[in-house]
Amino acid sequence: PEELPVVLTVFTAMGAWRIAQAGVLTRQAAAIETLGAATVLCADKTGTLTQNRMAVMQVWTPATGGVVVGGAAVEGVGVEMRADTGEGRNAAAAADPARDLLQAARMACSNTPIDPMERALHAVAPAPPGLHAAGTRSATASRPFMLRLWHAHPAPGQSRVACKGAPEAVLPLCNLDGDAAHAALAAAADMASYGLRVLAVADAVLPWPAAQANEPLERPPALRLLGLVGLADPLRPGVPAAVAQCRAAGIRVLMITGDHPATALAIARQAGLADGEGVLGGADIDRLDDTALRQRLVGVSVCARIRPEQKLRIVRALQAGGEVVAMTGDGVNDAPALKAADIGIAMGERGSDVAREAAALVLLHDDFGAMVAAICLGRRIGDNLRKAVRFIFAVHVPVAGLALLPLLLGLPLILGPLHIALLEMAIDPVCSLVFEAEAAERTLMSRPPRRPDEPLLSLADMARALLHGAAAWSLCAALYLLALRRGMPPDEVRALVFVTLVLCVFALVLVHRRFGGGFEGLRGSRHAVLLAVAAPVTLSVAALLHWPAAARLFGFGPLHPPDLLLALGAGAMLVAALQGLKRRAGPAER
């Protein structure tokens with residue numbers, strides 16, 4: 001049918017617009033249809049599941065132990081601190097080590113921070129007086145810490161190296177005995193168990209000649225551990241409900257983060273994700289071959305300390321297990337994973353240009369809820385496209401049948417080129433605009449994802465659509481033959497059958513707009529788009545019947561009230577019969 005290209009174009013364009021309204025930009029049209037088949041949603045933690053608004057909540061130093069950090073500024077540290085009651089220390093005793101720790105953490109940040117973590121450290125510590133930055137060694141995947149070298153100004157005498165990073169990377173750079181290292185790691189694990197992102201902070205003071213060659217940036221000196229900083233990044237408010245919605249829809253959510261496993265597990269518990277087989281770490285992935293990784297991922301919901309290049313292995317392992325994978329990413333190194341995923345999703349606010357170019361979708365606000373909303377819309381678009389194609393196949397059966405029947409039986413013609421053109425003017429907007437605007441089914445997010453190999457229209461769907469069309473043709477043909485048998489003039493017969501056919505077309509619209517059968521399947525079937533299409537069609541048919549010039553052009557005779565009631569009865573009978581068939585078909589109808 002010629003309507004198929006129109007339907008596909010309209011559904012794709014309107015689908016992209018609707019998904020954009022939910023905060024997701026479509027870069028590849030095919031992703032709209034693939035959304036309905038997604039089975040695994042791999043989501044970054046920071047900024048996607050969380051708000052990406054960090055604040056320093058706790059510090060730990062070897063001298064004072066844990067110190068809770070609040071919101072008001074005192075004593076030049078920029079924060080209010082109270083002592084850990086278990087240690088029995090007071091805030092004054094804790095302030096100096098904590099101030100040194102926070103100042104060193106700030107010195108290990110960029111001068112103009114963009115990352116929310118560095119912004120939080122800038123907010124709680126003052127700029128170091130009398131020093132200026134001379135060099136930086138940024139963090140990398142293999143060295144997850146950052147070093148900055150500071151010189152005294154204007155007269156250099158000594159230089160200071162400030163370092164911040166993952167505890168397991170920074171602690172080996174410090175001169176710690178076994179007990180001290182164990183205490184620091186235990187403190188880091190305890191802070192991470194509350195969902196805090198934990199940074200270890202260290203420094204070193206170097207004489208000017210040793211520091212002049214920037215040696216500390218390439219080969220870090222022996223550092224002094226100042227302590228740990230715990231930063232909180234709250235969960236987005238709608239995440240638990242969105243995760244629950246995914247689970248009801250048969251979609252598994254897999255959190256992927258570079259944070260400490262305990263931090264990731266704590267956030268996963270808040271989000272309702274922590275029910276799998278523990279946490280899969282980046283080091284574990286390195287030890288597993290592809291087959292073992294695929295098996296391990298089956299029961300995992302949290303992956304921690306993941307490097308960007310490991311995302312690609314995760315995507316391929318999930319796909320090898322038959323999953324349809326949606327993967328988020330923001331960095332340049334995430335591009336291969338985004339390209340390999342069935343649905344690559346880049347971050348719009350903090351994502352790189354390379355990541356956005358490689359992705360099929362872009363989250364405008366980096367919100368996990370927007371991803372779930374896009375999946376809902378993808379399923380709705382897939383459902384409505386399937387309904388529209390069913391309707392297209394059904395509606396052409398009575399049109400073609402009534403055009404051929406008089407030729408086969410040698411009877412007066414019903415449909416000529418003008419009649420068919422007028423019908424197509426009604427059918428085209430119905431199958432494109434009306435079905436595209438149809439509301440989502442109540443079962444949309446309570447049924448499993450569509451199988452990737454499932455055709456848009458199966459043989460069963462086509463047989464059902466042709467059956468519905470045959471029922472409409474049978475009613476119209478029966479009226480046609482009955483009217484001729486009663487001796488009705490051909491022009492009146494043509495008017496009766498044409499009006500009945502138009503009513504049957506709208507009956508097929510009502511039947512195919514919802515999957516459910518019976519009266520319940522017709523609920524919610526009234527909306528502005530349907531009325532906007534039905535009204536001009538009704539007025540046009542009325543004008544053709546009552547305007548003599550138009551009636552002569554189309555070969556219509558007068559339509560008497562009993563004949564109109566008969567046509568209306570035929571349309572209502574068709575709706576009732578087909579809804580009854582759908583009720584008997586049950587879930588197979590979907």
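**Exercise 1.** State which helices and strands each supply at least two residues of the lining of the largest pocket in this predicted model, and then describe the lining by class.

*Solution.* Step one is to fix the terms: helices (H or I, at least four residues) and strands (E, at least two) are DSSP runs numbered from the N terminus, while a pocket, on a 1 Å grid over the protein atoms alone, is an open set of points where a 1.4 Å probe fits, with protein on both sides within 12 Å along at least five of seven lines, its lining residues having an atom within 4 Å of a point. Step two gives the elements: helix 3 (45–49), helix 5 (116–124), helix 12 (282–287) and helix 14 (308–320), together with strand 7 (145–152), strand 8 (158–165) and strand 9 (197–207), each supply at least two lining residues. Step three adds the volume, about 1800 Å³, and the 49 lining residues, of which D115, M117, R197, G258 and D259 are the closest to the centre. Step four sorts the lining into 17 nonpolar, 14 polar and 18 charged residues, where Asp, Glu, Lys and Arg count as charged, Ala, Val, Leu, Ile, Met, Phe, Trp, Tyr, Cys and Pro as nonpolar, and the others, Gly among them, as polar.

Residues are numbered from 1 along each chain as its sequence is written. As the model is predicted, local features need pLDDT of at least 70 and side-chain atom pairs count only at pLDDT 80 or more, whereas totals for chains, interfaces and linings use all residues, and side-chain values use heavy atoms, with hydrogens and water left out.

**Exercise 2.** Determine which parts the salt bridge between D286 and R307 ties together, and whether R307 is buried or exposed.

*Solution.* A salt bridge is a side-chain nitrogen of Lys or Arg within 4 Å of a carboxyl oxygen of Asp or Glu; between D286 and R307 the closest N and O atoms are 3.3 Å apart. D286 lies in helix 12 and R307 in the loop between strand 13 (302–304) and helix 14, so the pair joins parts 21 residues apart in sequence. R307, at 25% relative accessibility, is neither, but partly exposed (buried is under 20% relative accessible area, exposed over 50%, partly exposed in between, with a 1.4 Å probe and protein chains only). R307 also meets E309 in a salt bridge at 2.8 Å, N to O.

**Exercise 3.** Examine the accessibility of D366 and of its salt-bridge partner R350.

*Solution.* The closest N and O atoms of D366 and R350 are 3.4 Å apart. D366 is buried at 2% relative accessible area, whereas R350 is partly exposed at 26%.

How values were computed
Points joined across faces, edges and corners; volume = space filled by probe spheres on them.
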